[in-house]
Amino acid sequence: MKNLINICKMLPILLLVLGSCKEKSADPQNAVISTSELADYYLVAERTNTNQRLVVFYFTKDGDAVTASSHLQYALRVKEVNVENSIFSFDFDSDGKFVYTFELERDANGNLKLKSSSYSYSGGANELSFATIAKRTDAISFENDEFRTGSSPIKFGKDITSNASIIKWFDNGIYPFYMLGNVGFKTNNGQLFGAVVPSWKNISSPVMLVESEDEVLVSIKQ
């Protein structure tokens, strides 16, 4: 009987402890976003500019440092970056004029997603029409594959003689290209520039975006 009384006295304490443990359990949506996590992701955005509309960010981790490579069709900037208060900011020319700002948050599974995105010149209006963040592991392969824009084919392959990576464009041209990590490509002359994304605007399936002559084309893998 005495043992039963003691157990009854301890029940409120046990319930309080168990309740406290439950309240302190990890919440993946509210976990702090660290700079190092960027290395697992890449960003693709489209600007409203009439030229160099597509921009691709991918990240490299070296020790505690994370470096962002930011590609436009005819430009590249590489610099060390940090996530502060869930915001990744990239000053393209390091002069405070051409600034990209991406506010990050988590989905229910703890994966990063965009809460907001912007690109502005000297603090002006936002000039991004769309942006997305994706895991690098979700980027579809495209080497030695064919894509189509409408009925026009885009073929990725190798030159028989030099074994260099080439694109057979639908203008019948052949363009040597190099990879942007595993998420995109750029031809040696910069004329063609693109990236693969798991979804884009109102398209929920994986596509390739290709910028050519100031136009961003959406291509489907065959």
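Select Asp171, Glu213, Asp214 and Glu215 in this predicted model. These residues form a patch of negative charge on the surface. Now keep Glu213 alone. Glu213 sits in the loop between β16 and β17, and its relative accessibility of 66% means that it counts as exposed.

**Along β17 to a salt bridge**

Next, select strand β17, residues 215-221, and stop at Lys221, which lies in that strand. Add Asp145 to the selection: the side chains of Lys221 and Asp145 meet in a salt bridge, with N and O 3.3 Å apart. Asp145 belongs to the loop between β9 (128-135) and β10 (146-149), so this pair ties together parts that are 76 residues apart in sequence. How buried or exposed are the two partners? Lys221 is partly exposed at 31% relative accessibility, and Asp145 is partly exposed at 22%.

**Strand β10 and its neighbours**

Keep Lys221 on screen and add Phe147. Lys221 in β17 is the bridge partner of Phe147. Strands β10 and β17 run antiparallel and are joined by 2 bridges.

Now show the side chains of β10. In a regular strand, side chains alternate between the two faces of the sheet. In β10, Phe147 and Thr149 make up the covered face, while Glu146 and Arg148 make up the uncovered one. Select the uncovered pair: the side chains of Glu146 and Arg148 meet in a salt bridge, 3.2 Å from N to O. Glu146 has a relative accessible area of 21% and is partly exposed; Arg148, at 28%, also counts as partly exposed.

Move on to β11, residues 152-158. Strand β11 runs antiparallel to β10, and 4 bridges join the two. Where β10 reaches Thr149, look across to Ser152 in β11, which stands opposite. The two strands form a hairpin with 2 residues between them. Select Gly150 in the turn to find a positive phi of about 65 degrees.

**A salt bridge across the chain**

Clear the view and select Lys201 and Glu46. Their closest N and O atoms are 3.0 Å apart, in a salt bridge. Which parts of the chain does the pair link? Lys201 is in the loop between β15 (193-197) and β16 (207-212), and Glu46 is in strand β1 (residues 41-47). These distant parts of the chain are 155 residues apart.

Colour the pair by accessibility. Lys201 counts as partly exposed because its relative accessibility is 45%, whereas Glu46, at 3%, counts as buried. Then add Arg53: Glu46, Arg53 and Lys201 are linked in a network of salt bridges. Across the whole structure, a search finds 8 salt bridges.

**An open sheet**

For the last stop, select β5 through β8. These 4 strands make an open sheet in the order β5-β6-β7-β8, with antiparallel pairing. β5 (83-84) and β8 (112-121) each have a single partner strand and stand at the edges, so one side of each is left without a neighbour in the sheet.

Strands of a sheet pair through backbone hydrogen bonds. Show the backbone of β6 (residues 87-91) and β7 (residues 98-106): 5 bridges join these antiparallel strands. To finish, select Ser89 and its bridge partner in β7, Thr101.

How values were computed: Residues are numbered from 1 along each chain as its sequence is written. This is a predicted model: local features need pLDDT of at least 70, side-chain atom pairs count only at pLDDT 80 or more; totals for chains, interfaces and linings use all residues. Side-chain values use heavy atoms; hydrogens and water are left out. Two strands pair if DSSP finds at least two bridges between them. A salt bridge is a side-chain nitrogen of Lys or Arg within 4 Å of a carboxyl oxygen of Asp or Glu. Buried means under 20% relative accessible area, exposed over 50%, partly exposed in between (1.4 Å probe, protein chains only). Patches are made of residues with over 30% relative accessible area and no salt bridge: like charges are joined within 9 Å, nonpolar side chains (Val, Leu, Ile, Met, Phe, Trp, Tyr) within 5 Å. Accessible areas come from the Shrake-Rupley method with a 1.4 Å probe; for residues, only the protein chains shown count as cover. Lys and Arg count as positive and Asp and Glu as negative; His and the chain ends are not counted. The place of a charge is taken as NZ of Lys, CZ of Arg, CG of Asp or CD of Glu.
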